[in-house]
Amino acid sequence: MGSVARTCGSFACRKPSEIMRLVVTTFIGLVFGFFIGVSFPTLSLTKLNLPSGLLPSIDLAYIEGKYTNCWSLMKNNNNTKSTSPLKQLKHEAKIWVPSNPRGAERLPPAIVEAESDYYLRRLWGKPSEDITFKPKYLVTFTVGAGQKRNIDAAVKKFSGNFTILLFHYDGRTTEWDEFEWSKRAIHVSARKQTKWWYSKRFLHPDIVAPYDYIFIWDEDLGLEHFDAEKYLRLVKKHGLEISQPGLEPNKGLTWQMTKRRVRQEVHKVTQEKEGWCSDPHLPPCAAFVEIMAPVFSRDAWRCVWHMIQNDLVHGWGLDFALRKCVEPAHEKIGVVDAQWIVHQGVPSLGNQGEKEPGKAPWQGVRDRCQKEWQMFQIRMANSEKEYYQSMGYDVSNYSVPMFS
């Protein structure tokens with residue numbers, strides 16, 4: 001008996017209360033460890049090989065899936081790099097549309113507004129209700145306040161189908177408020193600038209794209225025998241892309257092509273001084289209008305605008321190059337005789353020149369005009385020569401023509 005008592009140190013010899021305490025402690029440790037594990041999902045619960053007899057009522061797969069999903073949701077909500085399909089697409093795919101206008105390649109095409117207009121809008125209400133009527137044509141006059149009465153009479157020859165745009169070379173814009181139509185017109189002011197300076201900067205083809213025809217006129221024109229709507233009907237009838245009204249001058253004519261012909265609707269060719277026309281289909285015998293009162297179709301203006309030089313502000317020589325923008329030019333450039341105007345020859349802008357000793361202000365302006373004509377001819381000839389040379393043509397005998 002004594003030997004048996006001395007060897008009773010095994011698990012079987014312990015008291016029942018001690019055994020129960022050991023089982024409970026083990027169970028609590030396992031449960032505590034389990035919840036620690038589900039709080040850190042990087043530790044896989046499926047690797048815990050717990051005896052099924054100890055935890056018969058716990059579905060480990062259910063708990064693992066439930067807590068793992070909750071943890072993933074919390075992490076996604078707190079993560080700045082969201083994995084939702086749209087946000088993931090934005091992160092991985094950059095927008096680049098080569099066909100968009102230059103500089104706008106990073107924009108989605110549907111948001112790009114490549115063109116604009118001169119339609120006036122309200123400061124209130126719905127944008128969709130701003131414009132109840134869209135004029136189809138644009139007329140511009142480069143003006144000084146001294147010609148207010150003449151311009152007032154001229155504007156009345158243009159219907160409500162026209163947007164009126166005034167370029168003010170003298171800076172006096174508010175004086176035009178006496179005319180009701182002036183309150184609806186667009187006014188742009190820059191002192192001592194020409195209409196071609198204005199045209200290059202404010203008549204970009206993408207700005208005037210809504211207009212079928214663009215009139216770019218001087219301020220010293222008499223329009224007593226002119227009606228703009230009737231004029232455009234004849235332009236469309238005869239297929240003119242570039243045109244002007246016939247001239248009935250009260251002084252003299254520079255070119256026979258622009259002289260009004262009685263009892264004709266339109267003419268496209270003329271006879272000039274001997275030696276002036278190397279080809280009857282070339283300026284100044286055909287494919288020619290002057291720059292005082294030209295009218296351009298939308299497509300023709302897009303080409304002409306690109307030909308206007310930034311520094312050659314008077315536009316001299318441009319009239320001889322207009323033919324390069326339409327084809328065949330001798331058929332699509334012409335003079336409308338049935339709607340004619342008078343060139344009054346008022347040197348208003350010319351008087352804006354700088355006075356020099358022994359020379360009137362207009363003389364300096366005139367000198368600049370002539371120099372610009374020569375410069376434009378040389379630039380055009382050189383650019384054509386450069387192009388043909390790049391295409392492999394022999395340009396050794398290429399020279400600047402009398403009229404480009």
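Salt bridges come to a count of 15 in this predicted model. Side chains of opposite charge can pair when their charged atoms come close. A few of these pairs are worth walking through one at a time.

Take glutamate 178 and lysine 148, whose side chains meet in a salt bridge with N and O 2.7 Å apart. The two partners are 30 residues apart, and the pair links distant parts of the chain: glutamate 178 sits in the loop between E2 and strand E3 (186-189), while lysine 148 belongs to helix H5. Glutamate 178 has a relative accessible area of 45%, so it counts as partly exposed. Lysine 148, on the other hand, is down at 14% and therefore buried.

Next comes aspartate 218, which forms a salt bridge with lysine 195; here the closest N and O atoms are 2.9 Å apart. Aspartate 218 is in the loop between strand E4 (213-217) and E5, and lysine 195 is in helix H6 (residues 195-202), so this pair ties together parts that lie 23 residues apart in sequence. With a relative accessible area of 23%, aspartate 218 is partly exposed. Lysine 195 counts as buried because its relative accessibility is 5%, and buried means under 20%.

A third pair brings the side chains of arginine 298 and aspartate 212 together at 2.6 Å, N to O. Since arginine 298 lies in helix H8 (residues 298-307) and aspartate 212 in the loop between H6 and E4, the bridge ties together parts that are 86 residues apart in sequence. Both ends are partly exposed, arginine 298 at 30% relative accessibility and aspartate 212 at 25%. Elsewhere, Arg121, Arg122 and Asp130 are joined into one network by salt bridges that share partners.

Back to helix H5 (residues 148-155), the home of lysine 148. This helix is mostly covered, with six of its eight residues buried. Besides Lys148, the buried set is made up of Asn150, Ile151, Asp152, Ala154 and Val155. Their cover includes three strands: E1 (137-143), E2 (162-168) and E5 (221-222).

Stepping back to the whole chain, the protein has eleven helices and nine strands. Of its 404 residues, 36% are buried. Contacts often reach across the sequence: among those between residues at least 6 apart, 71% join residues at least 24 apart. The accessible surface amounts to about 24,800 Å², and carbon and sulfur atoms account for 55% of that.

On that surface, two patches can be picked out. One is positively charged and gathers Lys136, Lys230, Arg233 and Lys236. Arginine 233 is part of helix H7 (residues 228-237), and at 53% relative accessibility it counts as exposed. The other patch is nonpolar: Tyr387, Tyr388, Met391 and Tyr393 together offer about 470 Å² of accessible area. Tyrosine 387 is in helix H11 (residues 361-390). With 47% relative accessibility, tyrosine 387 is classed as partly exposed.

One last spot is proline 108, placed in the loop between helix H4 (85-92) and E1. Proline 108 is partly exposed, its relative accessible area being 38%. Its C-alpha atom is 8.0 Å from that of tryptophan 96, a residue twelve positions away along the chain.

Key. Residues are numbered from 1 along each chain as its sequence is written. This is a predicted model: local features need pLDDT of at least 70, side-chain atom pairs count only at pLDDT 80 or more; totals for chains, interfaces and linings use all residues. Side-chain values use heavy atoms; hydrogens and water are left out. Patches are made of residues with over 30% relative accessible area and no salt bridge: like charges are joined within 9 Å, nonpolar side chains (Val, Leu, Ile, Met, Phe, Trp, Tyr) within 5 Å. Accessible areas come from the Shrake-Rupley method with a 1.4 Å probe; for residues, only the protein chains shown count as cover. A salt bridge is a side-chain nitrogen of Lys or Arg within 4 Å of a carboxyl oxygen of Asp or Glu. Lys and Arg count as positive and Asp and Glu as negative; His and the chain ends are not counted. The place of a charge is taken as NZ of Lys, CZ of Arg, CG of Asp or CD of Glu. Helices (H or I, at least four residues) and strands (E, at least two) are DSSP runs, numbered from the N terminus. Buried means under 20% relative accessible area, exposed over 50%, partly exposed in between (1.4 Å probe, protein chains only). Contact means heavy atoms within 4.5 Å.
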